[in-house]
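Trainee: I am new to this structure and would like to examine it step by step. May I put my questions to you in turn?

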Amino acid sequence: MASDRTQQLNPNSTPAQVRAFARHHPLPTTSGLARGYMQANLLAVPQEYAFDFLLFAQRNPKACPIVGVLEAGQHSSDLLAGGDIRTDIPGYRVFVNGELTQETADATSFYTPDMVSFLIGCSFTFETALLDNGVEIPHIAQGKNVAMYRTNIATTPAGLFSGPLVVSMRPIKASQVADAVRITSRYPDVHGAPVHVGDPAAIGIDSLDEPDFGEAIDVPAGYIPVFWACGVTPQAVVMNSAPSLAITHAPGRMLVTDTRDLGYQVP
């Protein structure tokens, strides 16, 4: 699998190439692929829950910045031209009454006609800007998925939905933390600036070696853990709130869209 990815995908692959590859091959993560393009999280729910989640996202914009919505029966948009939201993500998770019941590479058979798909900005999008400004990203250098953790920070409830904030962690060289904050703050639609810097225990994380999602990252000497709000938050919320059905991306395996990341950068 790794050799297939190395031969066919690289940082300069187009979003369409990544999506086409994802239809037929496993990918451990989309981080570092199709640099320069926006990546997105997925939460799809039956239409009866759509307004509640839209309101939840409005009340929790750091965790759930919506970049697109596919209405019931709609499976493509200009974010994935010619693609299919049910097949073009490298991995999906299916939740029934809040319980994870299935992980699959093709969600077509689980999509009911009334499913509404919310696309939520992903912090992988601003990684290109960090790298272009000389900020190292250890999980990419280590060939790993990003580490993600549930926190003791509660989201603001809306309708059915409530639960904890999930964060992604990137160790940043101490001398570059201010740069990382400044750079990512220019991308509010893909989580923006960090929500916490430093001591993990302060936000309820007992051990960096035991992420709730993704992979543990080696923190090099002289680096500080920096935490961003994460689009996996809806998955923790689904587990807490138990809608009858929800379909999400597998953490770290995103929809790679056709939209340039610069379109989400503010002055």
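Trainee: Which residues have the most contacts inside the largest nonpolar core?

Mentor: The model is a predicted one. Its largest nonpolar core has 33 residues. Those with the most contacts inside this core are Leu42, Ile85, Tyr111 and Leu119.

Trainee: Which element gives the largest share of this core?

Mentor: The elements that give two or more residues to the core include the strands E1 (37–46), E2 (66–70), E3 (92–96) and E5 (115–121). The helices H4 (127–132) and H6 (177–184) are also among them, as are the strands E10 (223–229) and E11 (245–249). The largest share, 4 residues, comes from E1.

Trainee: Which residues is Leu42 in contact with, leaving aside its neighbours within four places in sequence?

Mentor: Leu42 is one of the residues with the most contacts inside the largest core. Its partners include Ser117, Thr248 and His249. Also in contact with Leu42 are Ile85, Ile89, Tyr92, Tyr111, Phe118, Leu119 and Ile247.

Trainee: How many residues does the second, separate core have?

Mentor: This second core includes Phe56, Ala57, Cys64 and Ile217. Phe56 and Ala57 are also among the buried residues of helix H3 (50–59). The second core has 30 residues.

Trainee: What covers the buried residues of H3?

Mentor: In H3, the buried residues are Ala50, Phe53, Leu55, Phe56 and Ala57. What covers them includes E1, E2, E5 and H7.

Trainee: How many residues of helix H7 are buried?

Mentor: H7 spans residues 233–241 and is mostly covered. Its buried residues are Thr233, Pro234, Gln235, Ala236, Val237, Val238 and Ser241. Of the 9 residues of H7, the number buried is 7.

Trainee: Which residue just after H7 takes a positive phi?

Mentor: The residue is in the loop between H7 and E11. It is not a glycine, although its phi is about 60°. With a relative accessible area of 34%, it is partly exposed. The residue is Ala242.

Trainee: Is Asn97 buried, partly exposed or exposed?

Mentor: Asn97 is in the loop between E3 and strand E4 (99–104). It has a positive phi of about 50° although it is not a glycine. Its relative accessibility is 49%, and exposed would require over 50%. Asn97 therefore counts as partly exposed.

Trainee: Is Glu48 buried or exposed?

Mentor: Glu48 is in the loop between E1 and H3. Its C-alpha atom is separated by 24 Å from that of Thr104, 56 residues apart along the chain. Because its relative accessible area is 60%, Glu48 is exposed.

Trainee: Why is there no bond between the sulfurs of Cys122 and Cys230?

Mentor: A disulfide is a covalent bond between the sulfur atoms of two cysteines. The rule for counting one asks for sulfur atoms within 2.5 Å, and by this rule the count comes to 0 disulfides. Cys64 is in no disulfide, its nearest cysteine sulfur, that of Cys230, being 9.6 Å away. For Cys122, the closest cysteine sulfur is in Cys230, and there is no bond because the distance is too far, at 7.0 Å.

Trainee: Is Phe124 buried or exposed?

Mentor: Phe124 lies in the loop between E5 and H4. Not counting residues up to four places away in sequence, Phe124 touches residues that include Thr29, Gln39, His139, Arg170 and Met254. Because its relative accessible area is 6%, Phe124 is buried.

Trainee: Which residues do ring pairs link into a cluster?

Mentor: The count of aromatic pairs comes to 5. One of the residues in the cluster, Phe53, is also buried in H3. The residues linked are Phe53, Phe56, Phe118 and Phe161.

Trainee: Where does the charged end of Arg260 sit?

Mentor: A charge over a ring is found at two places named here: Arg170 lies over the face of Trp228, at 5.3 Å from the ring centre. The charged end of Arg260 is 4.6 Å from the centre of its ring, which is that of Tyr37.

Trainee: Over which residues is the pLDDT below 50?

Mentor: The protein averages a pLDDT of 95, and 97% of the residues score at least 70. The stretch below 50 has 11 contacts in the model beyond near neighbours in sequence. Where pLDDT is low, the predicted coordinates should not be read in detail. The stretch is residues 1–6.

Conventions
Residues are numbered from 1 along each chain as its sequence is written. This is a predicted model: local features need pLDDT of at least 70, side-chain atom pairs count only at pLDDT 80 or more; totals for chains, interfaces and linings use all residues. Side-chain values use heavy atoms; hydrogens and water are left out. Buried means under 20% relative accessible area, exposed over 50%, partly exposed in between (1.4 Å probe, protein chains only). pLDDT is the predictor's confidence in each residue, from 0 to 100. Contact means heavy atoms within 4.5 Å. A nonpolar core is a set of buried Ala, Val, Leu, Ile, Met, Phe, Trp, Tyr and Cys residues joined through side-chain atoms within 4.5 Å. Rings of Phe, Tyr and Trp (its six-membered ring) pair if their centres lie within 6.5 Å; planes under 30 degrees apart count as stacked, over 60 as edge-to-face and the rest as tilted. A charge sits over a ring if NZ of Lys or CZ of Arg is within 6 Å of the ring centre and within 35 degrees of the ring normal.
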